[in-house]
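Q: I'd like to learn how to read a structure like this at my desk. Could you walk me through it?

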Amino acid sequence: MTDQQTFSLDGKSIAFEDGDTIMDAALRSGEYIPHLCHNPEFKPHGSCRVCIVNVNGRHVSSCTFPASQDLKVESNTAEIKQKRQSLLQMLFVEGNHVCPGCEKSGACQLQAVAYYCDMLSPHFTHFFPRREVDASHHDFLIDYNRCIVCELCVRASNDVDGKQVFSIQQRGIQRHLAVNSDSGRLGDTSFSKTDKAAHVCPVGAILPKDIGYNQPIGHRLYDRQPISQVGDVAANDKTLQEEDTPHG
Amino acid sequence: MADINNLKNKLEKTRPEKIKLATTSLCGCFGCHMSFLDIDERILQLVELVEFDRSPINDIKKVGPCDIGIIEGGVANAENVEVLQEFRKNCKTLVALGACAVNGGIPAMRNQFELKECLEEAYINGVGIENPMIPSDPEIPLLLNKVHPIHEVVKVDYFLPGCPPSGDTIWTFLTELIEGRPISFPYEQIHYD
Amino acid sequence: MDIENLFQDVRQRLNNHYDSEKLLLLQVLQLANQKGMQFTTDFFSSLSERLSLPATEIKGIASFYSFLDKPRNTQYDIRISDNITDQFQNNAYVINTLQEKYADNPKVNIATTSCIGMNDQGPAMLVNGYTIPNLGPGTLEHVFSLIDDNIPLTSWPSELFTVADNIQRKDILLNDVSGNGTSLNKLTNAEPDEILSIIQNSGLSGRGGAGFSTASKWRLCKQAETENKHVICNADEGEPGTFKDRVLLNSYANQFIEGMTLCAGIVGASQGYIYLRAEYLFLLPKLNAVLQKRRDDNLLGNNILGKKGFDFDIDIHLGAGAYICGEESALIESLEGKRGIPRNRPPFPVTQGYINQPTIVNNVETFLAAAGIVEHGADWFKNTGTEKSPGTKLLSISGDCKKPGVYEFPFGTSIKDILSACGASDTQAVQVAGAAGHMVAPDEFDHAISFEDYATAGSFMVYDHSRDLFQVIKNFADFFKHESCGFCTPCRVGTSLQSDLVEKLVEGNASSYDINEIKSIAKLMQTTSHCGLGATASTAILDLIEKFPQLLEKRLKHLDYTPAFNLDAALEQSRQITGREDSQSHIGGYHD
Ligand SMILES: Cc1cc2nc3c(=O)[nH]c(=O)nc-3n(C[C@H](O)[C@H](O)[C@H](O)COP(=O)(O)O)c2cc1C
Ligand code: SF4
Ligand code: SF4
Ligand code: SF4
């Protein structure tokens with residue numbers, strides 16, 4: 001056997017290849033590191049910070065940090081778990097997440113990661129921002145209340161669909177997703193259900209219409225098994241393969 | 001799950017009196033209380049360990065000194081605030097039970113609108129309203145501008161999410177709490193919906 | 001003016017080669033705003049057509065920058081500097097007087113803005129982007145009469161816009177560096193590595209904050225084997241309370257530009273950029289004149305000093321009101337015409353910076369020091385300062401002292417000595433290194449300014465005992481909330497939560513629970529933020545809490561917990577709607 005490069009993740013030896021991030025290598029060897037804005041099909045973003053790990057006393061996002069020989073990476077510690085919980089809580093209070101009234105509930109990655117991290121409450125003071133729902137599109141709706149600005153739809157639409165349907169506005173706490181059309185409505189763009197961008201949203205912000213409760217509550221993706229076993233929302237979205245293949 | 005008889009024996013040794021428990025529903029739908037009753041026959045075991053103070057189950061109106069206070073529902077009006085503060089003063093341990101108590105829940109969806117818009121829709125512009133006027137009787141508690149989860153009004157010791165949390169979740173929690181064990185749940189028992 | 005002319009105008013101001021016009025987008029927006037063009041739907045769609053970018057995306061870029069998010073749409077657009085020093089200089093008087101007079105006047109817009117770098121001569125404001133300092137009643141009266149008479153800004157008397165350097169103490173950097181080509185001459189007559197080793201020897205490290213070894217940075221970039229490389233001077237000077245770069249830009253332009261040119265010669269870069277904060281728009285003509293003069297003198301342009309292939313020119317790019325664009329990778333994004341979001345690193349700019357090519361980013365002062373070191377030798381520099389922090393440091397001193405202004409001190413000078421030099425007395429605290437820096441208490445005044453002690457990029461704000469330190473942290477908390485780029489969760493949400501909690505604290509409604517919340521949010525931001533902004537956004541707040549327990553004691557509500565919001569105030573809308581004022585219509589605000 002040739003020299004296999006490895007680093008340690010919570011004491012386990014993880015093999016990696018040149019150019020791998022910690023996340024790449026961990027995913028390949030079946031080790032789960034919680035994440036939201038990361039999707040292995042896209043360029044790492046590093047914005048949600050949920051995948052932080054401790055590397056030599058420093059916190060880094062594992063989706064962006066390059067793996068290197070003999071790195072000592074800690075992910076599953078009480079301290080890191082606590083920080084992830086706080087980050088998740090921030091995402092919850094920043095938007096309006098009324099899970100009992102959300103079609104995505106049970107199959108939502110924000111929720112699933114929060115379950116995985118034992119989050120029982122949003123802890124912080126809620127912002128209760130005023131946000132809109134855009135139901136102008138024939139097949140999809142956008143509920144901005146639930147958008148965590150992970151930019152996956154932006155990346156998918158730019159990099160895969162070549163359509164630039166989405167963009168980001170403003171900065172700071174005002175930073176938000178917008179649709180690239182004069183009206184600002186999704187219905188006035190070329191967005192289609194076969195777009196990659198229609199199948200990457202980790203939460204209930206970009207939702208297909210009319211199929212909301214096909215899968216009953218209690219039988220959904222994360223109702224019985226944790227995300228560490230089931231995998232990401234996007235990885236479980238088989239609709240694209242079933243439908244005609246996407247263009248672009 | 002804890003064996004209730006062991007638990008009872010253990011408790012009787014450490015404290016002769018029963019544990020006092022109070023519950024209330026603020027801005028909620030009583031679903032969490034229904035779920036509480038869903039612990040079914042285990043409620044009989046529970047009443048061996050605990051004595052109910054104020055609770056919709058027994059209609060005691062004012063909360064007295066308690067070990068555990070369980071709050072269903074968020075904080076939507078002045079009365080909710082007062083009741084919640086009374087609970088906090090009287091209960092050693094305060095528990096937020098269910099989505100509305102934990103994050104405002106469905107009632108907090110009104111936070112998307114101005115209070116005035118909500119009231120006008122309900123009492124003035126809505127369909128089939130006769131004699132449209134916004135009630136101003138001093139008997140009616142004033143509404144807060146927004147609906148809040150209870151931890152934004154008082155300090156909360158434990159949170160049980162769910163709409164409602166299942167009977168099993170509540171049971172797990174109560175037995176662990178009463179027994180003084182660390183609170184932890186099997187995966188399926190925690191959900192936000 | 002149409003879009004075509006706008007692009008031509010921008011092009012005309014630039015000398016470098018740009019692969020794509022998209023790289024000029026921010027400059028185009030910036031110029032459009034200066035010219036008072038309206039950011040209408042039509043405006044965005046013609047830009048969109050021209051650049052083949054969605055209009056919404058262009059709006060997304062504009063809305064990232066304070067000055068473009070709310071572009072000028074009145075004849076007089078007034079933005080009053082609102083750093084804590086401005087507040088202590090009673091900028092409230094300026095704001096109130098202006099508002100009283102012009103609140104309903106459609107030709108005047110009044111707003112506040114983050115520190116505009118005038119704290120040595122404040123309060124100050126920008127009118128249509130141009131700085132007016134020393135806003136006493138007299139100056140204000142003058143401004144009122146001009147506005148009332150509808151005098152166009154271009155005809156306002158120049159003395160209103162006079163900005164003083166206020167240099168109070170000079171040392172080697174401000175005394176000895178000529179900027180007249182001496183150091184470049186040395187370079188053209190030696191191997192670049194020899195010159196680089198002089199800088200290495202001097203121990204120079206970056207003056208902009210992070211303190212990275214300048215020679216190491218240049219060497220890494222030099223080693224990169226690509227055709228195009230870039231040298232960027234970071235003149236964003238956004239840290240509240242600092243203004244020393246303003247003085248260098250104004251009066252030492254030759255010196256730092258020589259440093260940039262030297263750097264280009266060493267690393268092999270042909271394109272240079274000064275990223276100038278929009279607040280320093282008034283410096284633009286003067287800087288352009290210096291650049292032109294240097295071109296005429298063959299100190300810039302092609303075959304510099306007759307050396308074949310030593311080609312380097314410099315363009316000035318303007319920022320548009322975003323503190324985060326001082327962070328080098330956000331600066332590069334902004335220079336590329338985009339939203340100023342800090343990049344993931346690695347790769348670092350030295351290998352993949354501007355348009356993914358090797359790039360040097362240094363502070364104005366760093367370039368100036370490098371020029372001086374090559375001109376006078378490493379010892380000239382090393383002989384002052386401390387072993388670990390050789391050389392001197394420019395400080396921008398403002399606040400409660402007799403002589404605010406720019407001071408050059410050797411590293412290792414104690415805070416006490418600095419305070420006595422600037423004529424400060426009865427000092428309650430010093431804020432070293434700006435809003436992101438430390439609040440230093442009197443029992444630490446023996447500490448010194450240096451990388452190994454109190455590191456600073458130059459901001460030094462003095463508060464005497466008449467000042468409310470809680471007002472200071474409130475100002476900073478608001479600043480960071482306003483300036484967070486919003487990319488990462490902990491800073492985007494954390495700075496908002498922090499500002500609410502600090503407000504609660506300042507108003508005397510916070511409990512020990514809130515103090516713990518502030519601490520744990522701070523810890524989270526410090527450890528998990530994507531960049532330095534989030535990581536430092538709590539420094540001063542934690543300092544106040546830890547170092548001034550007696551003040552904290554007085555501000556706290558001595559309760560375990562107080563509600564997150566004023567409960568009684570939350571009934572106000574109900575009271576108004578129902579007209580009720582009975583006994584049941586009020587409850588306790590933060591405690592019952
Ligand atoms: C939020 C933030 C703001 C910054 N602002 C500035 C600035 O205004 N000017 C500056 O020179 N460096 C600033 N820096 C530091 C730069 O990122 C970078 O380290 C510096 O320009 C490198 O130059 P130096 O090595 O000469 O110091 C800032 C850093 C952060 C994190
Ligand atoms: S998006 Fe996820 S977390 Fe948000 S409301 Fe829906 S299910 Fe809950
Ligand atoms: S809509 Fe979904 S995919 Fe797009 S930014 Fe929001 S959360 Fe991410
Ligand atoms: S720390 Fe703040 S400024 Fe830096 S990337 Fe995150 S949100 Fe942006």
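Q: In what sense do β12(C) and strand β13 (residues 438-440) of chain C pair, and over how many bridges?

A: Before the case, some ground rules. This is a predicted model, where local features need pLDDT of at least 70, side-chain atom pairs count only at pLDDT 80 or more, and totals for chains, interfaces and linings use all residues. Residues are numbered from 1 along each chain as its sequence is written, while chains are lettered from A and ligands numbered from 1 in the order in which they are written. Strands (E, at least two residues) and helices (H or I, at least four) are DSSP runs, numbered from the N terminus. Two strands pair if DSSP finds at least two bridges between them. Here β12(C) and β13(C) are antiparallel, with three bridges. One bridge partner to look up is H438(C) in β13(C), which goes with V432(C).

Q: What links β12(C) and β13(C)?

A: They make a hairpin, with five residues between the two strands. In the turn, A433(C) has a positive phi of about 80°.

Q: Which other strand pairs with β12(C), and over how many bridges?

A: Strand β14 (residues 459-464) of chain C does, in the antiparallel sense over five bridges. Look for V430(C), which stands opposite V462(C) of β14(C).

Q: Why is strand β12 (residues 427-432) of chain C said to be largely enclosed?

A: Count neighbours: a residue is buried if 20 or more other C-beta atoms (placed from the backbone) lie within 10 Å of its own, exposed if 12 or fewer, and partly exposed in between. In β12(C), five of the six residues are buried, so the rest of the structure largely encloses this strand.

Q: How do I read a parallel sheet, and in what order do the strands of the open one in chain C run?

A: Read the order from edge to edge: β8-β7-β6-β9 (chain C), four strands with parallel pairing. The edges are β8 (313-318) and β9 (359-363) of chain C, each pairing on one side only. From one strand to the next, the twist averages 20°. Six bridges join β8(C) to strand β7 (residues 271-276) of chain C, with D315(C) as the bridge partner of Y273(C). Helix α15 (residues 284-296) of chain C packs on this sheet and touches β7 and β8 of chain C, its direction making about 170° with that of β8(C). For that angle, axes are lines fitted to C-alpha atoms, for helices over the stretch in contact, and angles run from 0 to 180 degrees between N-to-C directions.

Q: Why does the three-strand sheet in chain A have strand sides without a neighbour?

A: Go to its edges. This open sheet has the order β6-β7-β10 (chain A) with antiparallel pairing. β6 (133-134) and β10 (206-208) of chain A each have a single partner strand, so one side of each lacks a neighbour in the sheet.

Q: Which residues come nearest to ligand 4?

A: Use a distance shell: a residue is near a molecule if its C-beta atom, placed from the backbone, lies within 6 Å of it. Of the 14 around ligand 4, the nearest are C485(C), C488(C), C491(C), C531(C) and G534(C). Helices α21 (489-506) and α23 (532-536) of chain C each give two or more residues to that shell.

Q: What surrounds ligand 3?

A: Ligand 3 has 13 residues around it, and C147(A), C150(A), C153(A), C201(A) and A205(A) are the closest.

Q: How many residues of chain B and chain C are in contact?

A: Contact means that two residues have C-beta atoms, placed from the backbone, within 7 Å. By that rule, 18 residues of chain B meet 21 of chain C. On the chain B side, α4(B) gives the most, four residues.

Q: Which residues does K155(B) touch?

A: Leaving out residues up to four places away in sequence, K155(B) touches R88(B), Y513(C), D560(C) and Y561(C). You'll find K155(B) in the loop between β6 (143-148) and β7 (158-160) of chain B.

Q: Why does K155(B) count as partly exposed?

A: Because K155(B) has 15 C-beta neighbours inside 10 Å.
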